[in-house]
Protein chains: 2
Amino acid sequence: MARKIGSDGERTRGAASSVAQALFARKGYEGVSMREIADGVGMQASALYNYWPTKQDLLRDLMERHMRELLDAWTASNPPDDPLARLQAFVRFHIRHHMRRIDSTFISYMELRSLDRQNFAQIEALRNRYERDLAATLDRGIEAGRLGQGDPRIAARAIIALLNGIMTWYRADGPVGPAALEEEYWSMVARMTGADQTEETPCSTPA
Amino acid sequence: MARKIGSDGERTRGAASSVAQALFARKGYEGVSMREIADGVGMQASALYNYWPTKQDLLRDLMERHMRELLDAWTASNPPDDPLARLQAFVRFHIRHHMRRIDSTFISYMELRSLDRQNFAQIEALRNRYERDLAATLDRGIEAGRLGQGDPRIAARAIIALLNGIMTWYRADGPVGPAALEEEYWSMVARMTGADQTEETPCSTPA
DNA sequence: CCGTTAAGTGAACAAACGTTCATTTACTGG
DNA sequence: CCAGTAAATGAACGTTTGTTCACTTAACGG
């Protein structure tokens with residue numbers, strides 16, 4: 001075969017990516033062999049090496065793509081500057097974004113340990129950028145007296161852990177729809193950070 | 001060698017358990033070989049089969065022990081019946097218990113996928129007992145009007161995910177001590193569930 | 001119409017895997 | 001002091017692992 005317009009190889013590469021993503025998410029990086037991935041695409045394991053030099057590079061590629069897509073999508077969503085509005089935007093964005101990418105989300109926070117030192121540092125840096133954006137938002141909210149006291153970095157990690165927990169139990173055919181889920185989780189985060197006190201249901205005279 | 005009093009094999013078994021736990025936590029079940037575990041104890045891989053029939057049984061043993069220890073410890077702590085007091089007791093207990101068992105905690109929620117069907121069902125059942133206890137507490141608190149509205153099963157999962165998140169970043173030599181951590185997280189959970197409204201800082205006339 | 005080249009095959013590699021087994025070691029109860 | 005036995009050895013098993021490589025296939029540009 002040779003390249004058509006749009007490249008034949010590009011299509012195969014994408015298919016292999018998808019299969020690898022699904023398998024890594026279900027059985028873990030170490031639990032999946034190159035042959036298994038190749039089988040899923042319908043080709044030989046050796047052909048995968050036309051696209052990635054090693055299995056490790058394939059994993060790094062998946063995780064890097066996931067993180068860059070996440071950061072880009074967050075920026076592209078044009079989040080408001082106001083701390084409280086931005087916090088709400090973050091929560092809703094995070095849930096919506098990750099719910100459509102359960103496999104790559106799973107991989108990106110379960111398989112950090114399967115990355116070698118260099119790749120780990122690279123992915124970790126991207127992850128930190130995302131986390132720090134949230135921490136900064138919380139910090140500004142606290143500083144302005146519109147969020148409850150607390151360490152913003154701890155709160156940021158807590159919020160992300162809480163939201164990521166969805167992925168471990170959510171099923172599309174389950175009793176809770178995506179919209180209801182988003183409301184439920186936003187209301188939890190709002191209360192947890194004290195964002196509900198200053199906006200929605202003030203219980204004393206506003207300053 | 002043969003058994004002394006207290007059994008020589010028991011000691012070896014325990015040592016092998018510890019090494020396996022540390023390795024599984026760091027590199028994952030599939031990423032660790034029987035030879036690697038044996039090396040850590042200072043013996044041959046074949047000797048491990050005196051204690052566990054398969055590698056899978058070794059994993060199941062670690063996870064089952066972790067879950068039973070968790071449930072027993074929670075019961076033994078004699079948690080109060082009052083929903084709000086029990087919720088607070090749960091949060092503090094959970095943090096304290098898991099912080100001293102980071103490795104087995106890691107394994108127990110990362111390696112569920114490495115269990116075969118039967119073992120998975122068994123461990124999942126134990127895990128559900130723990131989760132349902134918390135959900136029931138939340139339910140009673142909501143029913144009594146002393147906690148904010150919300151689905152108690154979702155809230156239970158959210159709380160556990162939030163607390164388990166600690167394990168992914170906490171370092172004993174870090175800036176945050178265990179006591180401060182416990183306070184910070186309890187205050188987050190209290191606000192998140194609305195437990196702070198009815199107890200500590202009532203903002204309107206109690207009914 | 002031919003030569004270049006991307007894309008994929010299938011066999012092969014050494015290493016590592018979980019597990020088995022005959023054998024050795026060293027202690028204990030009789 | 002001997003028989004019995006828990007405990008560990010070390011070689012061996014068949015399989016699977018990630019990866020390499022010489023070779024085929026098929027479409028495009030000139």
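Modeller: Along its sequence, chain A follows the pattern α-α-α-α-α-α-α-α-α-α-α. This is a predicted model, in which local features need pLDDT of at least 70, side-chain atom pairs count only at pLDDT 80 or more, and totals for chains, interfaces and linings use all residues. Residues are numbered from 1 along each chain as its sequence is written, while chains are lettered from A and ligands numbered from 1 in the order in which they are written.

Biologist: How many helices and strands are there in chain A?

Modeller: Chain A has eleven helices and zero strands. Helices (H or I, at least four residues) and strands (E, at least two) are DSSP runs, numbered from the N terminus. The C-alpha atoms of chain A fill a box of roughly 75 × 40 × 35 Å along the principal axes.

Biologist: What share of the 207 residues of chain A counts as buried?

Modeller: The share is 33%. A residue is buried if 20 or more other C-beta atoms, placed from the backbone, lie within 10 Å of its own, exposed if 12 or fewer, and partly exposed in between.

Biologist: Why does Lys55(B) count as partly exposed?

Modeller: Lys55(B) has 19 C-beta neighbours inside 10 Å, and therefore counts as partly exposed. Lys55(B) is placed in helix α3 of chain B. Its C-alpha lies 7.2 Å from that of Met34(B), although the two are 21 residues apart in sequence.

Biologist: What makes the phi of Asn78(A) notable, given that Asn78(A) is not a glycine?

Modeller: Asn78(A) has a positive phi of about 50°. Most residues other than glycine have a negative phi. Asn78(A) sits in the loop between α4 and α5 of chain A, and counts as exposed because it has 7 C-beta neighbours inside 10 Å. In chain B, Asn78(B) likewise has a positive phi, near 50°. Asn78(B) lies in the loop between α3 and α4 of chain B, and its 7 C-beta neighbours inside 10 Å make it exposed.

Biologist: How do you know that the span of helix α4 of chain A agrees with its number of residues?

Modeller: The expected span of a helix is 1.5 Å times one less than its number of residues. For the 22 residues of α4(A), residues 55-76, this gives 32 Å, and the end C-alpha atoms are 31 Å apart, so the values agree. Among the buried residues of α4(A) are Leu58(A), Leu59(A), Met63(A) and His66(A). The buried residues of α4(A) pack against α1, α5 (83-99), α6 (102-110) and α7 (117-143) of chain A.

Biologist: What span should helix α1 of chain B have, and how far apart are its end C-alpha atoms?

Modeller: Helix α1(B), residues 8-27, has 20 residues and should span 28 Å; its end C-alpha atoms are 29 Å apart, so this helix agrees as well. Its buried residues are Ala16(B), Ala20(B), Gln21(B), Leu23(B), Phe24(B) and Ala25(B). What covers them includes α2 (34-41), α3 (55-76) and α5 (102-110) of chain B. Just after α1(B), Gly28(B) takes a positive phi of about 85°.

Biologist: By what turn and shift can chain A be laid on chain B?

Modeller: A turn of 180° with a shift of 0.0 Å along the axis lays chain A on chain B with an RMSD of 0.0 Å. The two copies are thus related as by a two-fold rotation axis. The superposition is by least squares on the C-alpha atoms of residues with pLDDT of at least 70 in both copies.

Biologist: Why is it said that the copies meet through the same surface?

Modeller: The copies do so because 100% of the interface residues of chain A are also interface residues in chain B. The contact (C-beta atoms, placed from the backbone, within 7 Å) takes 29 residues from chain A and 29 residues from chain B. On the side of chain A that touches chain B, the elements giving two or more residues are α1 (8-27), α8 (152-164) and α10 (178-193) of chain A. Of these, α8(A) gives the most, with seven residues.

Biologist: Which residues touch the most other members of the largest nonpolar core?

Modeller: Ile159(A) and Ile159(B) do, in a core of 50 residues. A nonpolar core is a set of buried Ala, Val, Leu, Ile, Met, Phe, Trp, Tyr and Cys residues joined through C-beta atoms within 7 Å. Elements supplying at least two residues each include α8 and α10 of chain A and α7 (152-164) and α9 (178-193) of chain B. Ile159(B) touches Leu134(B) and Val189(B), not counting residues up to four places away in sequence.

Definitions and conventions. Two residues are in contact if their C-beta atoms, placed from the backbone, lie within 7 Å.
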